[in-house]
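Here is a walk through one small model, written for someone meeting it fresh. Have a look at the picture, then read on.

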Amino acid sequence: MNKKQRENTIKLLYDIVRYSIIGIIFINLAPGKEFSWWSIIAGGIIGFLAYIVALWLDKKED
């Protein structure tokens, strides 16, 4: 991966983290929707893994 591709991948992964956290909040607080621990756990795991990969790619040097 060259530097530009890595930067774009890092941005994408950070966006995945941001939107998964926002999605968890809105899905669980929607009116008429039951609170779901499974969606919180799944979204948290996806967000955490994307964040770890983004940090790993961010530290990587050419």
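A quick word on terms: helices here are DSSP runs of H or I with at least four residues, numbered from the N terminus. With that in hand, phenylalanine 26 can be placed in helix 1. Keep in mind that this is a predicted model.

**The overall layout**

The protein has two helices and zero strands. Helix 1 covers residues 3–29, and helix 2 covers residues 37–59. How far does the C-alpha trace span along its principal axes? The answer is about 50 × 15 × 10 Å. The radius of gyration is 15 Å, whereas a compact globule of 62 residues would come out near 11 Å. Buried residues account for 21% of the 62 residues.

**Distances along and across the chain**

Three pairs of residues give a feel for how sequence separation goes with separation in space, taken C-alpha to C-alpha.

| Pair | Apart in sequence | Apart in space |
|---|---|---|
| Threonine 9 and isoleucine 25 | 16 residues | 25 Å |
| Lysine 33 and alanine 50 | 17 residues | 27 Å |
| Phenylalanine 26 and tryptophan 38 | twelve residues | 14 Å |

Let's put some of these residues in their places. Threonine 9 belongs to helix 1, and it counts as partly exposed because its relative accessible area is 25%, between the 20% and 50% cut-offs. Lysine 33 sits in the loop that runs between helix 1 and helix 2. With a relative accessible area of 43%, lysine 33 is partly exposed too. Phenylalanine 26, back in helix 1, has a relative accessible area of 60%, so it is exposed. Its partner in the table, tryptophan 38, is part of helix 2. Is tryptophan 38 buried or exposed? Its relative accessibility is 70%, so tryptophan 38 counts as exposed.

**A nonpolar patch on the surface**

Tryptophan 38 also helps to make a nonpolar surface patch of about 1,000 Å². The other contributors are Phe35, Trp37, Ile41, Ile45, Phe48, Leu49, Tyr51 and Ile52.

**Two tyrosines that meet**

One of those patch residues turns up again in a ring contact. The structure holds one aromatic pair. It is formed by tyrosine 14 and tyrosine 51, whose ring centres are 5.9 Å apart with 55° between the planes, which makes the pair tilted. Which parts of the chain does the pair link? Tyrosine 14 is in helix 1 and tyrosine 51 is in helix 2, so the contact joins distant parts of the chain, 37 residues apart. As for cover, tyrosine 14 is partly exposed at 25% relative accessibility, and tyrosine 51 is partly exposed at 38%.

**Around arginine 18**

Finally, take a look at arginine 18, which has two contacts worth pointing out. What does the side chain of arginine 18 meet in a salt bridge? The partner is aspartate 15, with 2.9 Å from N to O. The count for the structure comes to one salt bridge. Both residues lie in helix 1, three residues apart, or about one turn of the helix. Arginine 18 also lies over the face of tyrosine 19, at 5.9 Å from the ring centre. Arginine 18 has a relative accessibility of 44%, so it counts as partly exposed. Aspartate 15 is partly exposed as well, at 27% relative accessibility.

**To recap**

So what should a newcomer take away? There are two helices and zero strands, with a tilted pair of tyrosine 14 and tyrosine 51 that links helix 1 and helix 2. Within helix 1, arginine 18 and aspartate 15 share a salt bridge. On the surface, a nonpolar patch of about 1,000 Å² includes tryptophan 38 and tyrosine 51.

Technical notes
Residues are numbered from 1 along each chain as its sequence is written. This is a predicted model: local features need pLDDT of at least 70, side-chain atom pairs count only at pLDDT 80 or more; totals for chains, interfaces and linings use all residues. Side-chain values use heavy atoms; hydrogens and water are left out. Patches are made of residues with over 30% relative accessible area and no salt bridge: like charges are joined within 9 Å, nonpolar side chains (Val, Leu, Ile, Met, Phe, Trp, Tyr) within 5 Å. Accessible areas come from the Shrake-Rupley method with a 1.4 Å probe; for residues, only the protein chains shown count as cover. A salt bridge is a side-chain nitrogen of Lys or Arg within 4 Å of a carboxyl oxygen of Asp or Glu. Buried means under 20% relative accessible area, exposed over 50%, partly exposed in between (1.4 Å probe, protein chains only). Rings of Phe, Tyr and Trp (its six-membered ring) pair if their centres lie within 6.5 Å; planes under 30 degrees apart count as stacked, over 60 as edge-to-face and the rest as tilted. A charge sits over a ring if NZ of Lys or CZ of Arg is within 6 Å of the ring centre and within 35 degrees of the ring normal. The radius of gyration is taken over C-alpha atoms; the globule rule is 2.2 Å times the number of residues to the power 0.38.
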